[in-house]
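This report concerns the aromatic contacts and one sheet of the structure shown below.

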Amino acid sequence: MRLTDPPAKTRLASAVAGILDGLGLPLEDPAGTLRFTGDDPVVPSSFRIGTAAAVALAASATMAAALHRLRGGPPQTVEVDLAHAVTECRSERYLRVDGGPAPELWDPLAGIYACGDGGFVRLHTNFPHHRDGILRLLSCAPDREAVAAAMLAWPAAGFEAAATAAGLPVAAMRSFPEWDATEQGRATARQPLIGLRRAGAAGHRRLPIGSRPLSGIRVVEMTRIIAGPVCGRALAGHGAEVLRLIGPSVPTITALDMDTGHGKRSAWIDLADPTGCDRLHELLATADVFVQSYRPGSLDRHGFGPDETLARHPHLVYASLSAYGPEGPWATRRGFDSLVQTATGFNHAEARAFGAQEPRALPAQILDHASGHLLALGVMAALARRMAEGGAWRVDVSLARVGHWLRSLGPVPDGVTAADHAAEAAPGFLEEVSSGYSRLSRVRPAARLSKTPIRFSLPSSPYGADEAAWQRAGG
């Protein structure tokens, strides 16, 4: 791999510094401790996918190193290769099970459809209840041809509005100017990339020195799909004890559970049952962090919204991942990376760059993966702030705001003609591991810390493999 040339190294280090500068911590300039190899384009795209991947991973790893330093650990350097970073940010593509393919990620009906007014809508049908709801709205048979024919009877915005009113995850394609002109587009632009604020006045909680940046830190994770679980995986990789919880009736995607479950213990918890709520409160009483990726307001009905949770557990870092952010008319709207790409202009812009008329997706679920690493960064920054100032802390990251940041990185000259170097290099970034599922081939962590390398002390395991309890005794 080639070393990044000085202008590119400066640009990448400056992007990391720009993220860290807004966190209110006395951190060292990362330029002297960061090393990058490679440069964009890493994959065929008009956007700086390699830069976004490498900067998000490097910023998170740099924060981990800084937190370890604040806890009494030694200084260290961080190295990230752009092709490796993109591979990690497409880790679900490279997952293999017993040498064969992983379970299918996408439902056959998911994807982009043309509408009768010349617009396009993306459907997300990966969960059965979403799929069935869309079929009821369309009154059509469950096959792609029937859905395509039914969609032609709708205008794009009209179907998006009807589906959203029914609580279904869809997105009409917009251009960047169209998105920016919406009330939600303006609200998203006003949000910080990583929302970090003190939310309570509890006393200081010192973190004793440990062998790893997050040694002794307990994390309750209630997330699904990619972004939230990537956050938990990143925290586990730095030594946190991560307990991921989900209700027994909540659907997930098995391949993604396999890919993002490394380093975690996995258990059932039913918040529809009062005993499940009691158990979660017991866990949070001795936890340091609560990471959740449900729509804003979804956990409130069980008493686990941020205000209620922090009032009862005023020592916590409460970290939230959402599609469109905590403010604006779309705050409670369902969304996933593919839908946010469509709604906020990326599919339109990428299509135009490639000279295509039909929407074109980015070559990675980069909004998901970058958001996960940035949320982990925010969690670690909040832990550092808690050490210095005490109190409870809120962390908020949204896919849409991360998309706004990706746009700000600028275009890639000749990016659309690039070869997919990440795919070519991917075999060199994989490792074979045993797991609670089977033998898995997974992507190794791309960020290399010189003193506390990222590693996973536990294998990925199915939900229910563990009890909803901490592994270690004590508070």
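How many aromatic pairs does the count come to?

## Aromatic pairs

In this predicted model, the count comes to 10 aromatic pairs. One of them joins Phe176 and Phe346: the ring centres lie 5.2 Å apart and the planes stand at 90°, over the 60 degrees required, so the pair is edge-to-face. Phe176 belongs to helix α8 (residues 176-180) and Phe346 to helix α15 (residues 346-353), so that this contact links distant parts of the chain, 170 residues apart. Phe176 is buried, with a relative accessible area of 15%, and Phe346 is likewise buried, at 1%.

A further pair is formed by Trp179 and Tyr324, whose ring centres are 6.2 Å apart; the planes meet at 40°, so the pair is tilted. Trp179 lies in helix α8 and Tyr324 in the loop between β13 (317-322) and α14 (337-344), and the pair therefore ties together parts that are 145 residues apart in sequence. Both Trp179 and Tyr324 are buried.

## Ring cluster and charges over rings

Phe176 and Phe346 also form a cluster with Phe47, linked through ring pairs. Arg407 lies over the face of Phe176, 4.0 Å from the ring centre. Elsewhere, the charged end of Arg244 sits over the ring of Tyr463, at 4.4 Å from its centre.

## An antiparallel sheet

An open sheet is made of 4 strands in the order β4-β3-β16-β15, with antiparallel pairing. Its edge strands, β4 (100-101) and β15 (430-433), each pair on one side only.

Strand β15 pairs with β16 (residues 440-443) over 4 bridges. Glu431 stands opposite Arg442 of β16.

How values were computed. Residues numbered from 1 in each chain as written. Predicted model: local features only at pLDDT ≥ 70, side-chain atom pairs only at ≥ 80, totals over all residues. Heavy atoms only, no water. Pairing = 2+ DSSP bridges. Helix = DSSP H or I, 4+ residues; strand = E, 2+ residues; numbered from the N terminus. Phe/Tyr/Trp six-rings, centres within 6.5 Å; stacked < 30°, edge-to-face > 60°. Buried < 20%, exposed > 50% of the residue type's maximum accessible area, 1.4 Å probe, protein only. Lys NZ or Arg CZ within 6 Å of the ring centre and 35° of its normal.
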